[in-house]
Amino acid sequence: MKNYRHSCRIHLTVCAAQIVTDIDNTILNSEPRLRRTLQELGLEELLPELLARYDGVKALLKPEEQEKFYQLFLSERYLHLDEPLPGAAEALRALREAGYRIVYLTGRHDAPGDSMRRGTELWLVEHGFPHPGDGSTLLRMKPRRGMDDRQFKEEALRELAKLGSLHAGIGDRPSDIEAYLHYGIPAILIRGDDRHPGDGVRAVAGGVEVVRDWSELEALLLRSG
Ligand SMILES: [Mg+2]
């Protein structure tokens, strides 16, 4: 793994080194929002299997159920149920204070008349995370709900690379990791509670750092070298 120390710690005013992180199930646990959404659709019995696989919605819900599911789950209605992961806000604030620009790169969408931006920003503020209103933090969201996450993230990373070096990319899904590695960005997979012990994670684990939680991640990014 490359040495994560960076001259950013010395040249704070001119450095634009960036740390990119996913949001859902990376800085927060969206299970309560998932549970509430399924309750509303009368599909709560699917919760364990949806938590156990990345492709659960497409595999387990009928097409008409999928549309209703996404309209609820990917809306601002239940965002307040999302629970911050322990240590995530503190770690990201410490990285920001060390001079890094924090960039949230999320599959949440921000389309005219159908946007999760305001709810996401409010949640970040309420839970003590660096947020776009603090002057240096960025929130990059999909321009429309149906766009492919991986494609969006790769396009966004290409644009972010023009703003400064991309120091590390953090995510919970193999598709996050693949997008980071596509641009040679050191990638960190956060495993959380190991609820996705699938082959996809093992397939990418060889090229990335795998951490259990944000205290391990903070140590890796701030105290290594
Ligand atoms: Mg995620």
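Start by selecting Asp110: this residue stands opposite Ser115 in β5. You are looking at a predicted model, and this pair is a handy way into its strands.

**Stop 1: the hairpin**

Now select β4 together with strand β5, residues 114–115. The two strands pair in the antiparallel sense, over two bridges. Two residues lie between the strands of this hairpin, and Gly113 there takes a positive phi near 80°.

**Stop 2: along β4**

Extend your selection to the whole of β4, residues 101–111. How many of its eleven residues are buried? Nine are, so the strand is mostly covered, taking buried to mean under 20% relative accessible area.

Next, bring in the neighbours of β4. Strand β1, residues 18–21, pairs with β4 in the parallel sense over four bridges. Strand β6 also pairs with β4 in the parallel sense, over five bridges. Click on Tyr104 to see both contacts: Tyr104 is the bridge partner of Thr21, and in β6 its bridge partner is Leu139. Move along to Leu105 and you will find Arg140 of β6 opposite.

While you are here, colour β6, residues 138–142, on its own. Four of its five residues are buried, so this strand is largely enclosed by the rest of the structure.

**Stop 3: the magnesium ion**

Select the magnesium ion and show the residues around it. Which residues coordinate the ion? They are Asp22 and Asp172, each through OD, and Asp24 through O, at 2.1 to 2.2 Å. Along the sequence, these donor residues follow the spacing D-x1-D-x147-D.

Are Asp22 and Asp24 buried or exposed? Asp22 has 5% relative accessibility and so counts as buried. Asp24, at 18%, counts as buried too, because the cut-off is under 20%.

**Stop 4: the largest pocket**

Finish at the largest pocket, whose volume is about 1,000 Å³. To centre your view, pick Tyr54, Val57, Tyr70, Asp149 and Arg173, which are the closest to its centre of the 36 lining residues. By class, the lining has 18 charged, ten nonpolar and eight polar residues.

Several elements each supply at least two lining residues, among them α1 (31–41), α4 (63–73), α7 (149–160) and the now familiar β4. For a last view, colour domain 1 (7–29 + 86–222) and domain 2 (31–80) separately. Where does the pocket lie with respect to these domains? Both give residues to its lining, so the pocket lies between them.

Terms used. Residues numbered from 1 in each chain as written. Predicted model: local features only at pLDDT ≥ 70, side-chain atom pairs only at ≥ 80, totals over all residues. Heavy atoms only, no water. Donors = N, O, S within 2.8 Å, 3.2 Å for Na, K, Ca; no water. Buried < 20%, exposed > 50% of the residue type's maximum accessible area, 1.4 Å probe, protein only. Pairing = 2+ DSSP bridges. 1 Å grid on protein atoms, 1.4 Å probe; cavity = no way out; pocket = protein on both sides within 12 Å on 5 of 7 lines; lining within 4 Å. Points joined across faces, edges and corners; volume = space filled by probe spheres on them. Nonpolar A, V, L, I, M, F, W, Y, C, P; charged D, E, K, R; others polar. Domains from an automatic or database assignment.
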